[in-house]
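Reader: I should be grateful for a close look at one part of this model, namely the pairing of oppositely charged side chains. Please set out the partners and their surroundings in a connected account.

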Amino acid sequence: MRYVNGRLFTCDDGQPWAQALVVEGDRIGYVGSTAGAREYAPAAAEVDLGGATVLPGFVDGHAHLLMTGEAQLRAHLTDAGDLGEIQRRLRAWAKENPDAPRVLGRGWLYDAVPDGTPSRHMLDDVAPDRPVYLDANDYHSAWVNTAALAELGITSATPDPVGGRIARDPLTGEPTGHLIETAALEIVWPFLDSVRSDTDADRALAAAVDAFLTAGVTGAVDMALDEAGLAAMVRAGDLGLRVAAHWLIQRGGDALAQVRRAAELAAEHRSPWLRVTGVKFIVDGVIDGCTASMTAPYADGSNADPIWDLDALAPAVAAADAAGLQVALHAIGDQAVRIALDALEYAAGVNGPKPRRHRIEHLEYVDEADVPRLAELGVTASMQPVHADPAIRPNWAAMLGDARAERGFAWPEMTRAGARLAFGTDAPTAPHAALPNMFIAGTRRSALSPDLPALQPHLALPVAQAIIHGTADSAWACRAEAHQGRLRAGLLADFVVLDRDPFADPNTLLRTTVTSTVVGGRTPRG
Ligand SMILES: [Zn+2]
């Protein structure tokens, strides 16, 4: 197949712009001029792009596939402004899903809960006979009702897990129904995984793949794979979306045994659709919940210990590094980023020089002194412009409470210091679509509320640069640069056609849509 008369942004330094490409099997055979393409493959069928803009397929550098699919199927609470509205939506969902054994919702915001303090009693009436589970919008805590606490077996005698907290009534000591950090990640989620049917998981995964392909995303890094997610991906086989996965290392378990399991999986899963490439550690929480670990306290005087302290983290990171795995470290606060860098430096010290491609996820607020260390250690900065959307920044800035907010999400600092910058969305904590993500990167404006003014517009990036971070750089960051992320002969034929040219004005990115998505030369969407 020959695609001609287009405006192709290749993300390839040697030839950034082209007019045409030729697909041979699942790869690109030629990139260049229309005349050159006709000469290269005179017998091929021709698609006239009519001047349309073409980009490499986006590679979401950080996403959660199964959860993205599940999120689409749950009660949506992000824009429920108060408790009454949350309850109304849950009752409606319960009525629409009479056979669901549990009422499931996602995306509630602290601002919508009275005093910002969720309680099980607020949910006991919405579905009296059924357990209710609601993930917070940031996925760093869960809000459940009394029936859910009962089936989880959580009582006043249950100890807090390492790195988490079971909120309790100060007078009675009874759990209130708010389960924070590892209390959600390592108690609630594994329980829900254990009761989820294969059919539910398959339906969720298919919904996620469909959503990504429709949005022009042809590859994604699944940034917290577990046994349930892996099983669903294996059942799916030819996923249609190219997935690189990081195996989640649970804080509560034997870290070295989990790293060994990841190494086994990495050897086993190396198909064009699913590669297990590394491990993931969640070093801290989030600024919105004051659970990100900072070098200086939050506005209310509090601070958070890291979930992984350096003593626990360093040997596990070194073991993963020795096994040739990529290490991804969730680190949002500057203290957590420092611990992450220290652990990677320790691993390099004990294992010596070797090819390694480790990464830190989020980096929302980094001490200036630590920015150059990313480049020195060859660590990718994996960041999510959608998390800098001005619509969700007021609470974020209020928690920090000082000038630190001015240096939040400082993408250009990373590249100026010489570090690789990869973009993703962290869906479903934020919307998964690639072009609105690029819009925020290119403008520092809000994709959720476009009327809001830009925040720190001096930190916006040129459109071409943002797109490179969301394609070529995110492919490189998952060791896929020989196959994905650019339009170049020899690479996989993964590309998207847009309905307009967003390069002249980044503001148009918000209105730009993907008219077709091509994966491996086939067109599943368009
Ligand atoms: Zn994530």
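Author: A residue is called buried when its relative accessible area is under 20%, exposed when that area is over 50%, and partly exposed in between. The model is a predicted one, and the account below should be read accordingly.

Arg196 is a suitable place to begin. Its relative accessible area is 15%, so Arg196 counts as buried. The side chain of Arg196 meets that of Glu70 in a salt bridge, with 2.6 Å from N to O. Because Arg196 belongs to the loop between helix 6 (182–195) and helix 7 (198–214), while Glu70 belongs to helix 2 (residues 65–73), this pair ties together parts that are 126 residues apart in sequence. Glu70, at 18% relative accessibility, is likewise under the 20% limit and therefore buried.

Arg196 also forms a salt bridge with Asp193, where the closest N and O atoms are 2.8 Å apart. Asp193 has a relative accessibility of 23% and so counts as partly exposed. Arg196 thus has a buried partner in Glu70 and a partly exposed partner in Asp193.

A further pair joins two helices. Arg261 and Glu227 form a salt bridge whose closest N and O atoms are 3.0 Å apart. Arg261 is in helix 9 (residues 255–268) and Glu227 is in helix 8 (residues 227–236), so the bridge ties together parts that are 34 residues apart in sequence. Both ends are partly exposed, Arg261 at 27% relative accessibility and Glu227 at 43%. Elsewhere, salt bridges with shared partners connect Arg338, Asp342, Glu345, Asp367, Asp370 and Arg373 in one network. Over the whole structure, the search finds 32 salt bridges.

Arg120 offers a contrast, since this residue is buried but has no salt bridge. The nearest side chain of opposite charge is that of Glu174, 4.7 Å away, whereas a salt bridge requires the side-chain nitrogen to lie within 4 Å of a carboxyl oxygen. Arg120 is located in the loop between strand 10 (103–108) and helix 4 (121–124). Beyond its neighbours within four places in sequence, Arg120 is in contact with several residues, including Trp143, Asn145, Leu149, Pro175 and Glu174 itself.

In summary, Arg196 is a buried residue with salt bridges to Glu70 and Asp193, whereas Arg120 is buried without any salt bridge.

Note on methods: Residues numbered from 1 in each chain as written. Predicted model: local features only at pLDDT ≥ 70, side-chain atom pairs only at ≥ 80, totals over all residues. Heavy atoms only, no water. Helix = DSSP H or I, 4+ residues; strand = E, 2+ residues; numbered from the N terminus. Buried < 20%, exposed > 50% of the residue type's maximum accessible area, 1.4 Å probe, protein only. Lys, Arg positive; Asp, Glu negative; His and termini not counted. Contact = heavy atoms within 4.5 Å.
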